[in-house]
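Open the model in your viewer and keep the selection tool at hand. Each stop below says what to select and what is found there.

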Amino acid sequence: QLSLLEDAGFGGVLLYVDPCDLPKTTDLADKAFMVSLNSGGDPSTPGYASIDGSYRQNRLNLTTLLVQPISAVLAKKLVSLPEDTVQKDRCMHLQMPATGKKIISLNIQSVTTYKKISNVIGYLKGTVFPDRYIIIGSHHNSLNTYGGQEWASSTAIITAFIQALMLKVKRGWRPDRTIVFCSWGGTSFGNIGSYEWAEDLKRVLQRNVVAYVSLHNPVRGNSTLHPVASPSLQQLAAESQSFNCVEKAKCPGSNVSSVQIQGDSDYFINHLGVPATQFSYEDIRTSENSSFLSEALFPVHTTKTEELDPSFSLHETIAKLTGQVTLQIANEPVLPFNALDIALEVQNSLKGDEVVIPQLLAVASRLRDTAELFQSDEMRPANDPKERAPVRVRMLNDVLQSLEKSFLVHRAPPGLYRNILYRLDERTSQFSVLLEALEHCKLHQSNETIQAALSEVLNSINSAQVYFKAGLDVFEAALAGKK
């Protein structure tokens, strides 16, 4: 939103969270909040690691706008309709009256400073595929009064998981693939720790990381379990949820979706094309709205975690789900990724879209056909211990590991993922880049943006189809050579 306002020539912005979008379980209407304007990493070293000797660009301000977050109560005083027009039986969004003007003086005195960000990284080396990594990402606190509950939950769960694994390690157990435990710093300021670490090790991570398991803000409510996974991991996430679901009332179904995940998974999803998953508890009300509440950091008091989960049963559930998914990815000879689910997700994203061209539908159909062949011809024998050959398993895993990299578009509109397999929210099933381009065309009376977006999506789907086909060809050549 800020990027669009800046492009439109606005000078200042008062940010507020509408009372209708605030969770009903918490009274935050009179609270101001903090929000980072940084899109990711050290803004003075865009695209490369912020290490000693790196050139630092002169970026005193992240935006030309004057930006100030304010409370919903103050926003209501400034822009709301008269009180007698508010309907008591339902929430009314704030809006300016039809007539009238407000003059606001805005003077922002931000001071840019450099501080050191620290990550804590540990690993448990694999015995069969030590050069393949599963990353578990949590984060530690970088603010004294903001976001205290989320980092505490994140740290508690990853610590409990590490302790459980160490009991197995002392008895001689080791995973097949390497598990990397990461506690990121600087998350609140634009995922600085994870971005800079990944930029520094980009070439290694591109080759070796097979999955990212996120523990960003895992207990932000206590009413609904909300699993999110990229398409290739949705089946695994659903199976883990069903297996661990003891309280059926809290686990009504395996409703795993691919929506944009907040936090430090961003670089791994959008720059490395790594399959990712996350389990979290949240309130139903907040899950129905956009993801902005995840970016707004409200002041919290120290007993917040205990109020949300006094018995820590929700934390225990998240730990079990996260642990099971991680161990399956780490230990199964063939990576538990589903190629066909990617093809189905692509076809679902094209349903009912008014701008889809015939070429898109045709290449999506070819992608599904190729994925079905791949799933049946290669996955089935590899998953059978009697037919499994180590060389073929390694080749197959190399293909599976990079299934989602084809869907990284060169550039995406502000606020949208470069990985087009992820939707903006759960209310829409279409590709977000196409929906955004359609809105742009309505405003500017031009179809140039929609044509560019259609080409991006077409090339991504075609690239994935060619990638699957090349995988099949490799296996056919290997079989011919063996004969």
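Select Glu345, which is buried, with a relative accessible area of 12%; buried means under 20% relative accessible area, exposed over 50%, and partly exposed in between (1.4 Å probe, protein chains only). This is a predicted model, in which local features need pLDDT of at least 70, side-chain atom pairs count only at pLDDT 80 or more, and totals for chains, interfaces and linings use all residues. Residues are numbered from 1 along each chain as its sequence is written, and side-chain values use heavy atoms, with hydrogens and water left out.

Glu345 belongs to helix H12 (residues 339–350). Helices (H or I, at least four residues) and strands (E, at least two) are DSSP runs, numbered from the N terminus. Show what surrounds Glu345: apart from neighbours within four places in sequence, it is in contact with Pro231, Gln234, Ser258, Leu421 and Arg423. Contact means heavy atoms within 4.5 Å.

Now add the side chain of Arg423, which meets that of Glu345 in a salt bridge (3.1 Å, N to O). This pair links distant parts of the chain, 78 residues apart: Glu345 is in helix H12, and Arg423 is in the loop between H14 and helix H15 (432–444). A salt bridge is a side-chain nitrogen of Lys or Arg within 4 Å of a carboxyl oxygen of Asp or Glu. Arg423 is buried, with a relative accessible area of 13%.

How many salt bridges does the structure hold? There are 11 salt bridges. For another, select Arg394 and Asp131, whose side chains meet at 2.9 Å, N to O. Arg394 lies in helix H14 (residues 390–401) and Asp131 in strand S4 (residues 129–139), so this pair ties together parts that are 263 residues apart in sequence. Arg394 counts as partly exposed at 26% relative accessibility, and Asp131 counts as partly exposed at 28%.

Next, go to helix H13 (residues 358–382), where Glu372 and Arg368 both lie, 4 residues apart, about one turn of the helix. Their side chains meet in a salt bridge (3.7 Å, N to O). Glu372 is partly exposed, with a relative accessible area of 34%, and Arg368 is partly exposed at 31% relative accessibility. Then select Asp131, Arg132, Arg394 and Asp398 together: salt bridges that share partners join these four residues into one network.

Select Val210 in strand S6 (residues 209–214). Is Val210 buried or exposed? Val210 is buried, with a relative accessible area of 0%. Leaving aside neighbours within four places in sequence, its contacts include Arg132, Tyr133, Ile134, Val274 and Phe337. Between the C-alpha atoms of Val210 and Ile134 the separation is 5.8 Å, although these residues are 76 residues apart along the chain.

Turn to the aromatic rings. A search of the whole structure finds 9 aromatic pairs. Rings of Phe, Tyr and Trp (its six-membered ring) pair if their centres lie within 6.5 Å; planes under 30 degrees apart count as stacked, over 60 as edge-to-face and the rest as tilted. Select Trp184 and Phe268, a tilted pair with 6.1 Å centre to centre and 35° between the planes. Trp184 lies in strand S5 (residues 177–184) and Phe268 in helix H7 (residues 266–270), so the pair ties together parts that are 84 residues apart in sequence. Both Trp184 and Phe268 are buried. Extend the selection to Tyr195, Trp197, Tyr212 and Tyr267, which ring pairs link with Trp184 and Phe268 into a cluster.

Another ring to select is that of Trp173: the charged end of Lys168 sits over it, 4.8 Å from its centre. A charge sits over a ring if NZ of Lys or CZ of Arg is within 6 Å of the ring centre and within 35 degrees of the ring normal.

Move to strand S2 (residues 66–69), where Val67 and Pro69 point to one face and are buried, while Leu66 and Gln68 point to the other and are not. Strand S1 (residues 12–15) runs parallel to S2 and is joined to it by 4 bridges; two strands pair if DSSP finds at least two bridges between them. For one residue of this pairing, select Leu14, whose bridge partner in S2 is Gln68.

Finish at helix H2 (residues 72–79), whose buried residues are Ala72, Ala75 and Val79. They cover an arc of only 55° around the axis, which puts them on the same side of H2; the arc is that of the directions from the helix axis to the C-beta atoms.
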